[in-house]
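Work through the exercises below with the model open. Try each task before you read its solution.

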Amino acid sequence: MEQENAIEPISVPIVPAASPRRSLLGALVYWTRDLFLSVVIAIIVILFLYQPVKVEGTSMMPALDDQERIFINKFVYRLHFGDIHRGDMVVFWAPVDPSKSFIKRVIGVPGDEVEIDRGVVVVNGKALVEDYVPPEYRDQVSIEGTRIPPDEYFVLGDHRRFSNDSRSWGTVRRRDIYGKAVFVYWPLTKIGVLK
């Protein structure tokens, strides 16, 4: 006798469709959670890592123009993960008015002897090569040599004729420097890493 192939019925549970109210509420909960996490991450990034800032003034031309938007790295200096080097563009609380921030280029680091002779910057007895300062932006100002104290920095704007900098108010304390300019993001024609 031949055996028949038997087919057993499989029971599939029937899941009722989610009510529109329930799925809308679920989506709203997920959307709110994602928005909250995004805001928390943005706050952490802005407070501790990178901050967008607007350049106001012409003292850093031609590297930075008035009204350009840049990102500054706050992490590297705030937590002392990086040293401040000659040539860095730093953001700091203005020595004369701490409610304002300035951006300038570091010229002298602690222990350096800095002098300016008719517009030529001399660091430790050698003329500093400053490709970032075009001839038309230089001035003929001279200042006597000065040794940079520990934890202080000598800073200058690239547009020497129109810069309020260490020539006027002296060195900047390390604790007042809170960021390094790293990236231009506006205008789009100048987008890129700062040098």
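**Exercise 1.** How many salt bridges does the structure hold?

*Solution.* The model is predicted. The structure holds 14 salt bridges. The next exercises take some of them in turn.

**Exercise 2.** Examine the salt bridges of Glu-130 and classify the residues as buried, partly exposed or exposed.

*Solution.*
Step 1. Take Arg-138. Its side chain meets that of Glu-130 in a salt bridge, at 3.7 Å from N to O.
Step 2. Take Arg-160. Its side chain also forms a salt bridge with Glu-130, at 2.6 Å from N to O.
Step 3. Locate this second pair. Arg-160 sits in the loop between strand S9 (152–156) and helix H3 (166–169). Glu-130 sits in the loop between S7 and strand S8 (143–147). The two residues are 30 residues apart, and the pair links distant parts of the chain.
Step 4. Apply the cut-off: buried means under 20% relative accessible area. Glu-130 has 4%, so Glu-130 is buried. Arg-160 is buried as well. Arg-138 has 26%, so Arg-138 counts as partly exposed.

**Exercise 3.** Which residue forms a salt bridge with Arg-167, and is that partner buried or exposed?

*Solution.*
Step 1. The partner is Asp-165, and the closest N and O atoms are 2.9 Å apart.
Step 2. Asp-165 has a relative accessible area of 0%, so Asp-165 is buried.
Step 3. Turn to a network. Salt bridges with shared partners join Asp-65, Glu-68 and Lys-190 into one.

**Exercise 4.** Trace the strand pairing from S5 through S6 to S7.

*Solution.*
Step 1. S5 (residues 113–117) pairs with S6 (residues 120–123) in the antiparallel sense, over four bridges. Within this pairing, Ile-116 has Val-121 of S6 as its bridge partner.
Step 2. Check the turn. The hairpin of S5 and S6 has two residues between the strands, and Arg-118 takes a positive phi near 50 degrees.
Step 3. Move on to S7 (residues 126–127). S6 and S7 run antiparallel and are joined by two bridges. Here Val-122 stands opposite Ala-127.
Step 4. Check this turn too. The hairpin of S6 and S7 has two residues between the strands, and Asn-124 takes a positive phi near 55 degrees.

**Exercise 5.** Which element gives the most to the nonpolar patch?

*Solution.*
Step 1. List the members: Phe-36, Leu-37, Val-40, Ile-41, Ile-44, Val-45, Ile-46 and Tyr-50. Together they make a surface patch of about 690 Å².
Step 2. Assign the elements. Helix H1 (residues 20–49) gives the most, with seven residues. Tyr-50 lies in strand S1 (residues 50–54).
Step 3. Check the exposure of Tyr-50. Its relative accessibility is 36%, so Tyr-50 counts as partly exposed.

Terms used. Residues numbered from 1 in each chain as written. Predicted model: local features only at pLDDT ≥ 70, side-chain atom pairs only at ≥ 80, totals over all residues. Heavy atoms only, no water. Patch = residues over 30% accessible without salt bridge, like charges linked within 9 Å, V, L, I, M, F, W, Y side chains within 5 Å. Areas by Shrake-Rupley, 256 points an atom, 1.4 Å probe, with all protein chains shown as cover. Salt bridge = Lys/Arg side-chain N within 4 Å of Asp/Glu carboxyl O. Buried < 20%, exposed > 50% of the residue type's maximum accessible area, 1.4 Å probe, protein only. Pairing = 2+ DSSP bridges.
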